[in-house]
Amino acid sequence: MAEPGGADRWVHSPHGSCTERRFRRSAGLPVTAGSPFGRWLDTDPEVARLLAEEFGRQTSTLQLIASENFTSPAVLAATGSVLTNKYAEGYPGSRYYGGNRIIDEVEDLARERARSLFGAAHANVQPHSGASANLAVYHALLEPGDTVLAMRLDHGGHLTHGSPASVTSRLWRFVSYGVTPPSGDPGQPGEVIDFDQVRDVAKSEQPKLIVAGSTAYPRVIEAEPFRQIADEVGALLMFDVAHPAGLIAGGVHPNPVPLADVVTFTTHKTLRGPRGGAILATAELARRIDSTVFPGFQGGPLEHVIAAKAVAFAEAARPEFRRYAAAVVANAQALARGLAEEGFRVVSGGTDNHLLLVDLRSFDPELTGKVAQEVLDRHGITCNRNTIPDDPRSPFVTSGLRLGTAAETTAGMGVDEMAVVASLIGRALRQRDDPGALAAVRAEVAELCAAFPPYPDLAGPG
Ligand SMILES: Cc1ncc(COP(=O)(O)O)c(C=O)c1O
């Protein structure tokens, strides 16, 4: 059984000893607030209770949302630190307020670690989220009304890639490319980025910026063909690696930094850091990016989160993170195989990364993504409904589910557990009208989660 994450993956947290837990139980206090500093929340029992309940939910149910992970206790500690008290508008060496000598060191450390992890000329670690990072880049590189070529939303693009619901589509003119149709041939199943279409649309629409990257694409995205097409039409290239950032850092996916003008990412998905965003850029674009993030777009940076990003960048540079990244992919492939055996069609025939999309129609034509998500959620399996390419159902209903392995791999699960998870999903959805069968699934999920606690030092049997 693989032990890629496992209990040895993080330095031990100083809190949560058995004695303390026993005391807290006997005093009627929550055993944990899901934070190394949970004990301080005793002053606010309502919030402490909610945090303890969420800790219980995260650790007793399967976390299969592809954009989530379990951070290390060190990342939690930095996020919950006194750095939240400091105003630091500006950048290291050039702040609006005093008292930033140490904060400058924190942000410099985070920037330097990000640059070194991805081999980038410049890093901006201030974006509060992936969406903020993308908006800042568009704002830095484009004039209102300029054309951007990005992935179709119903083929895997993100809201910030020009959704009608996003401000991006009001400020800039988005045109799109998609994936090829499914071929029915297991050797070449299709549903991969259609580069002929990328080139055709780029030539006819002459975008100023091409966006590569996706929120629900299970294959490697190579930078070369995007760079070539961008050069053919004189466009800039932005790569949004919000999802695979950790797989790139862990060396199992190609790094687009040498070929892209700008790379944006989130720090909380496969990279396993705090919730946040970051931007990598060429030296030439560095000043434009920085001045757009601040003062153009944001106010004071979240230096406690920036410290946590620094922790995560250092963790991702360690050899054990390479093993983790490889295990995430092996687990996603095992989950895809197991689900195919259960009768689900796996979009594009499998996965090269941490996520997979399943088409529920082959399993049961009546079953929607919405119903499947609800049934699984009620029985301890957390994932999200997702459109599949050319989905006949609306994005609120969908014919698909998106599943990811980043979090449970951190908890220490391996390919054997993924086979069990696939069979639990198949059983729950096949027997969704049988309360007894569903109760048995819930009990087995709880047993599995108890064997792989993501935070053994924050809680446990007292
Ligand atoms: C490809 C992509 N870009 C950007 C984002 C936005 O990140 P955030 O939710 O941190 O704003 C996401 C989030 O899922 C994403 O998948």
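In this predicted model, strand 7 (residues 209-212) directs Leu209 and Val211 to one side and Ile210 and Ala212 to the other, and all four positions are buried. In a regular strand the side chains alternate between the two faces of the sheet.

**Strand 7 and its partners**

Strand 7 is paired with strand 5 (residues 147-151) through two bridges, and these strands run parallel. Across this pairing, Leu149 stands opposite Ile210 of strand 7. Strand 7 also pairs with strand 8 (residues 236-240), again in the parallel sense, and here four bridges are formed. Within strand 8, Leu237 is the bridge partner of Ile210. Ile210, a buried residue, thus has Leu149 opposite in strand 5 and Leu237 as its partner in strand 8. The pairings are set out below.

| Strand pair | Sense | Bridges | Residue facing Ile210 |
|---|---|---|---|
| Strand 5 and strand 7 | parallel | two bridges | Leu149 |
| Strand 7 and strand 8 | parallel | four bridges | Leu237 |

The connection from strand 7 to strand 8 involves helix 8 (residues 224-233); together the three elements make a right-handed β-α-β unit.

**The ligand shell**

The ligand is surrounded by 15 residues, and the closest of them are Ser129, Gly130, Ala131, Thr215 and Ala242. Of the elements that supply this shell, helix 5 (residues 130-141) gives the most, with three residues. Which class of residue makes up the shell around the ligand? The shell has 12 polar residues, together with two nonpolar and one charged.

**Domains and their contact**

The domain assignment of the protein gives domain 1, spanning residues 79-316, and domain 2, spanning residues 323-454. Their C-alpha centres are 28 Å apart. To the contact between them, domain 1 brings 23 residues and domain 2 brings 22 residues. On the side of domain 1 that touches domain 2, the residues comprise 10 nonpolar, eight polar and five charged.

**An exposed position in strand 3**

Ser94 belongs to strand 3 (residues 94-95). Is Ser94 buried or exposed? Ser94 counts as exposed because it has 10 C-beta neighbours inside 10 Å, and a residue with 12 or fewer such neighbours falls in that class. Asp104 lies 10 residues from Ser94 in sequence, and the C-alpha atoms of Ser94 and Asp104 are separated by 9.0 Å in space.

How values were computed: Residues are numbered from 1 along each chain as its sequence is written. This is a predicted model: local features need pLDDT of at least 70, side-chain atom pairs count only at pLDDT 80 or more; totals for chains, interfaces and linings use all residues. A residue is near a molecule or strand if its C-beta atom, placed from the backbone, lies within 6 Å of it. Ala, Val, Leu, Ile, Met, Phe, Trp, Tyr, Cys and Pro count as nonpolar, Asp, Glu, Lys and Arg as charged, and the others, Gly among them, as polar. Domain bounds come from an automatic or database domain assignment. Two residues are in contact if their C-beta atoms, placed from the backbone, lie within 7 Å. A residue is buried if 20 or more other C-beta atoms lie within 10 Å of its own, exposed if 12 or fewer, and partly exposed in between; C-beta atoms are placed from the backbone. Two strands pair if DSSP finds at least two bridges between them. A crossover is right-handed if, with the strands pointing away from the viewer, the path from the first strand over the helix to the second runs clockwise.
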